[in-house]
Amino acid sequence: MSNLASYASHEKDSRGRRYDEPEDKNRGVFQRDRDRIIHCGAFRRLEYKTQVFVNHEGDLFRTRLTHSLEVVQIARALARNLKLNEDLVEAISLAHDLGHTPFGHAGQDALNEFMKKHAPKSGGFEHNLQSLRIVDELEERYAEFNGLNLSFETRSGILKHCSLKNARALGDVGQRFIDKQQPCLEAQLANLADEIAYNNHDIDDGLRSGLITLEQIREVAIFNEHYEAVLALYPKIKGRRVISETIRRMINTLIVDLSQTTADNIHKHHVKTIQDVYKAPMLVAFSKDIRQKEDELKSFLMKNLYRHYKVMRMSSKASLIIKELFAAFLENPCLLPNDYQKKDEDKLVRSIADYIAGMTDRYAIKEHRRLFKI
């Protein structure tokens, strides 16, 4: 990619992989990372993991897999606008949700509670750390090493959040949290592409489900501005088309604003190299006006969709399934597949968390029925 900006992540400057491998003459470092992620089992399982709605509740609702693909599309558009490394931003975007549990955040919260209680030294459960654990240790595809042996840059981009305690245990990939440095621009970009994707597409799923109404969402400024613009251009438009046109235009507005604001920030802070990126404030950002409108939208979705009583009911059921599975496996490890049975208690707790986190929604439901239904 000869047209990359000087402050982008260049493959020739990659800090390499955990285990040395010969280079591929036909594919670059980050392209190989992307390919490995797409072909791994954890990526395929995202098809049956909750985004907002449990997978079996409807054929058209987003899953973690379709969400990840939508993040990739937005992230690549942004990377191209800013002359950043598209292969790296795609790899990070594809891998960012690999560590999510079944049933979304309800599953994560339940696992976090049990991990803190039964293995306090572990620091709990967090899906970003689990994503890194999957690509570093849990995937079993290669004869010579565990995990996918991704590049340092992709692994670092996956790790959006990290406590100092965990950062020290992670070694080189956690060092930036200790040094209080920023991640590369591709990682910053993937993070906000994730926000653009879930905010806008959760509107679509929320309206489709009937849990939020058009009248409600029109109270949100950024939606209503685009909705009225669509009606002005197409006064006879009806049904799903008006929602799709509105959301499409919202996404475009966010991409344009983020691209311009980020370019301005790069210029403002005299960023010339990737080392300048590490030392600068967070550069990938929305303008102040758009940031306020995005925050308003996020608050609306939290109140009216994510905390809707029907979503909360499903979350409560999901939490109960996860907690009962964990308790059963901890009490009787023989219920676990052989590879997950451990004699050391801390290792057993970690192993149970890995096993449950790797489940799809429907597998977790089936496993619960097998154990608790007579």
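Reader: How much space lies in the largest pocket?
Author: This is a predicted model. Its largest pocket is an open set of points, with protein on both sides. The space in the largest pocket comes to about 960 Å³.

Reader: Which residues are the closest to the centre of the largest pocket?
Author: The lining of the largest pocket holds 41 residues. Helices H3 (64-82), H5 (104-118), H6 (127-138), H10 (185-209), H15 (288-306) and H16 (309-331) each give two or more residues to that lining. Closest to the pocket centre are Gln51, Val52, Arg64, His105 and Tyr306.

Reader: How many residues of each class are in the lining of the largest pocket?
Author: Tyr counts as nonpolar and Arg as charged, while Gly is among the polar residues. Sorted this way, the pocket lining has 15 nonpolar, 14 polar and 12 charged residues.

Reader: Arg64 meets which residue in a salt bridge, and are the two buried or exposed?
Author: Side chains of opposite charge can pair when their charged atoms come close. Arg64 in helix H3 pairs with Asp97, in the loop between H4 and H5, 33 residues apart. The N to O distance in this salt bridge is 3.0 Å. Buried means under 20% relative accessible area, so Asp97 at 3% and Arg64 at 4% are both buried.

Reader: Where do Arg248 and Glu245 lie, and which of the two is buried?
Author: Their side chains meet in a salt bridge of 2.8 Å, N to O. Both lie in helix H13 (residues 240-268), three residues apart, about one turn of the helix. Arg248 is partly exposed, with a relative accessible area of 49%. At 19%, the buried residue is Glu245.

Reader: Arg350 forms a salt bridge with which residue?
Author: Arg350 is partly exposed, at 21% relative accessible area. Its partner is buried, at 9%. The two lie in helix H17, four residues apart, about one turn of the helix. With the closest N and O atoms 3.2 Å apart, the partner is Asp354.

Reader: Which residues do salt bridges that share partners join into one network?
Author: The count of salt bridges comes to 33. Some of them share partners and form one network. Its members are Asp24, Arg27, Arg34, Asp35, Arg76, Arg80, Glu86, Asp87 and Glu90.

Reader: Which residues line the largest cavity?
Author: The count comes to one cavity of 30 Å³ or more. About 40 Å³ of space lies in the largest cavity. H10 gives the most to its lining, with four residues. The lining residues are Ile92, His96, Gly157, Lys160, Ala187, Ala190, Asn191 and Asp194.

Reader: Phi is positive in Phe103 and in Lys180; which of these residues is exposed?
Author: Phe103 has phi near 65° and lies in the loop between helix H4 (86-95) and H5. At 5% relative accessibility, Phe103 is buried. The other residue has phi near 55° and a place in the loop between helix H9 (175-179) and H10. With a relative accessible area of 68%, the exposed residue is Lys180.

Reader: What accessible area do Leu335, Leu371 and Phe372 have together?
Author: Leu335 lies in the loop between H16 and helix H17 (345-357). Patches are made of residues with over 30% relative accessible area, and Leu335 is partly exposed at 37%. The three residues form a nonpolar patch on the surface, and together their accessible area is about 220 Å².

Conventions. Residues numbered from 1 in each chain as written. Predicted model: local features only at pLDDT ≥ 70, side-chain atom pairs only at ≥ 80, totals over all residues. Heavy atoms only, no water. 1 Å grid on protein atoms, 1.4 Å probe; cavity = no way out; pocket = protein on both sides within 12 Å on 5 of 7 lines; lining within 4 Å. Points joined across faces, edges and corners; volume = space filled by probe spheres on them. Patch = residues over 30% accessible without salt bridge, like charges linked within 9 Å, V, L, I, M, F, W, Y side chains within 5 Å. Areas by Shrake-Rupley, 256 points an atom, 1.4 Å probe, with all protein chains shown as cover. Salt bridge = Lys/Arg side-chain N within 4 Å of Asp/Glu carboxyl O. Buried < 20%, exposed > 50% of the residue type's maximum accessible area, 1.4 Å probe, protein only.
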